[in-house]
Amino acid sequence: MSLIPSLLSNRSTLLDPFSSDIWAPFGSNNEVSSFTNARVDWKETPEAHVFKADLPGLKKEEVKVEVEEGRVLQISGERRVEKEEKKEDEKWHRVERGRGKFLRKFWLPENAKVDEVKASMENGVLTVTVPKLPEKKPEVKTIEISG
C-alpha cells in the first residue's frame with residue numbers, strides 16, 4: 001500500500017471546515033475528553049454565519065470563544081468533575097456525563113467579519129454570530145450599440 005494515498009486522505013480531512021478532527025494530524029491532546037465532540041450547528045444566513053453549541057451545565061465563565069490566526073474560530077472550555085462529599089451509604093452505578101476539556105475549531109470563510117464576532121449563552125446553548133462582508137455586486141457597464 002502506498003503512503004501517498006494515506007497522506008492525501010488526511011489532507012482532505014484537514015480541508016473540511018466542519019470536521020471535529022481538523023487538527024488531529026498535528027498531534028492529539030490526551031487531556032481532551034469525550035466531551036470534545038460538543039455538538040455544534042453552523043448555519044449561514046444572508047447577514048452572518050451562526051454557530052450554536054450545546055454546552056449543558058456550563059456557565060459562560062467556563063467557555064472561551066476566540067478567533068486565532070485571523071480566520072479560525074475556536075470554542076473551548078472545561079466541564080469539571082463535581083465535588084461531592086462521599087457518603088458511605090451511597091453507591092455510584094453509572095457515570096456517563098462528559099467531563100474534561102473540550103475544543104472545537106472552524107475555518108471561517110473569506111467573507112467573515114472577524115472583528116465583529118459576538119457570542120451569547122442561554123440555557124446551556126452558546127450562540128456565536130460572525131457577521132458577513134457585504135456581497136460585491138458585479139459592476140455592469142451598458143454598451144451603446146451603434147449603427
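Hi everyone, this is a short tour of one chain, from its overall make-up to its sheet, its core and its aromatic rings.

Before anything else, please keep in mind that this is a predicted model.

Let me start with the overall make-up. The chain has one helix and seven strands. Reading from the N terminus, the order of elements is α-β-β-β-β-β-β-β, so the helix leads and the strands follow. Of the 147 residues in the chain, 25% are buried. The exposed surface comes to about 11900 Å², with carbon and sulfur atoms supplying 50% of it. For those of you who think in contact maps: among contacts with a separation of 6 or more, 59% are between residues 24 or more positions apart.

Now, the sheet. What is the order of the strands in the open sheet of four? The order is 1-2-7-6, and the pairing is antiparallel. Strand 1, at 40–44, and strand 6, at 118–122, stand at the edges. Each has a single partner strand, so one side of each is left without a neighbour in the sheet. From one strand to the next, the twist averages 15°. As a general reminder, strands of a sheet pair through backbone hydrogen bonds, either parallel or antiparallel.

Let's stay with strand 7 for a while, and look at its partners one by one. With strand 2, strand 7 pairs in the antiparallel sense over seven bridges. You can find two of the positions on screen: Ala48 has Pro131 as its bridge partner in strand 7, and Lys52 stands opposite Thr127. On the other side, how many bridges join strand 6 to strand 7? There are five, and these two strands also run antiparallel. Here Ser120 is the residue that stands opposite Thr127 in strand 7. So Thr127 faces Lys52 and also Ser120, if you want one residue to centre your view on.Strand 6 and strand 7 form a hairpin with two residues between them. In that turn, Asn123 has a positive phi of about 50°, which is a spot to check if you like backbone torsions.

Is strand 7 mostly covered or mostly open? Mostly covered: five of its seven residues are buried. Thr129 is a residue of strand 7 too, and it counts as partly exposed, at 28% relative accessibility. Leaving aside neighbours within four places in sequence, Thr129 is in contact with Ala48, His49, Val50, Glu116, Val117 and Lys118. If you measure to Glu44, Thr129 is 85 residues away in sequence and 9.8 Å away in space, C-alpha to C-alpha.

Next, the core. The largest nonpolar core has 16 residues. Which residues have the most contacts inside it? They are Phe51, Leu55 and Ile75. As for where the core comes from, at least two residues each are supplied by strand 2 (48–54), strand 4 (72–79), strand 5 (100–107) and strand 7 (125–131). The largest share, three residues, comes from strand 7.

That brings me to the aromatic rings. The structure holds three aromatic pairs, and I'd like to show you two of them. One is Trp42 with Phe106: the ring centres are 6.0 Å apart and the planes are at 75°, so the pair is edge-to-face. Trp42 lies in strand 1 and Phe106 in strand 5, so the pair ties together parts that are 64 residues apart in sequence. Are these two residues buried or exposed? Trp42 is partly exposed, with a relative accessible area of 23%, whereas Phe106 is buried, at 0%.

Another pair is Phe51 with Phe106. Their ring centres are 5.3 Å apart and their planes at 45°, so this pair is tilted. It links distant parts of the chain, with Phe51 in strand 2 and Phe106 in strand 5, 55 residues apart. Phe51 is buried, with a relative accessible area of 1%. Put together, ring pairs link Trp42, Phe51 and Phe106 into a cluster.

To tie the parts together, Phe51 belongs to that ring cluster, and Phe51 is also among the residues with the most contacts inside the largest nonpolar core. Strand 7, for its part, gives that core its largest share and pairs with strand 2 over seven bridges. That's my tour, thanks for listening!

Conventions: Residues are numbered from 1 along each chain as its sequence is written. This is a predicted model: local features need pLDDT of at least 70, side-chain atom pairs count only at pLDDT 80 or more; totals for chains, interfaces and linings use all residues. Side-chain values use heavy atoms; hydrogens and water are left out. A nonpolar core is a set of buried Ala, Val, Leu, Ile, Met, Phe, Trp, Tyr and Cys residues joined through side-chain atoms within 4.5 Å. Buried means under 20% relative accessible area, exposed over 50%, partly exposed in between (1.4 Å probe, protein chains only). Two strands pair if DSSP finds at least two bridges between them. Axes are lines fitted to C-alpha atoms, for helices over the stretch in contact, and angles run from 0 to 180 degrees between N-to-C directions. Contact means heavy atoms within 4.5 Å. Accessible areas come from the Shrake-Rupley method with a 1.4 Å probe; for residues, only the protein chains shown count as cover. Rings of Phe, Tyr and Trp (its six-membered ring) pair if their centres lie within 6.5 Å; planes under 30 degrees apart count as stacked, over 60 as edge-to-face and the rest as tilted.
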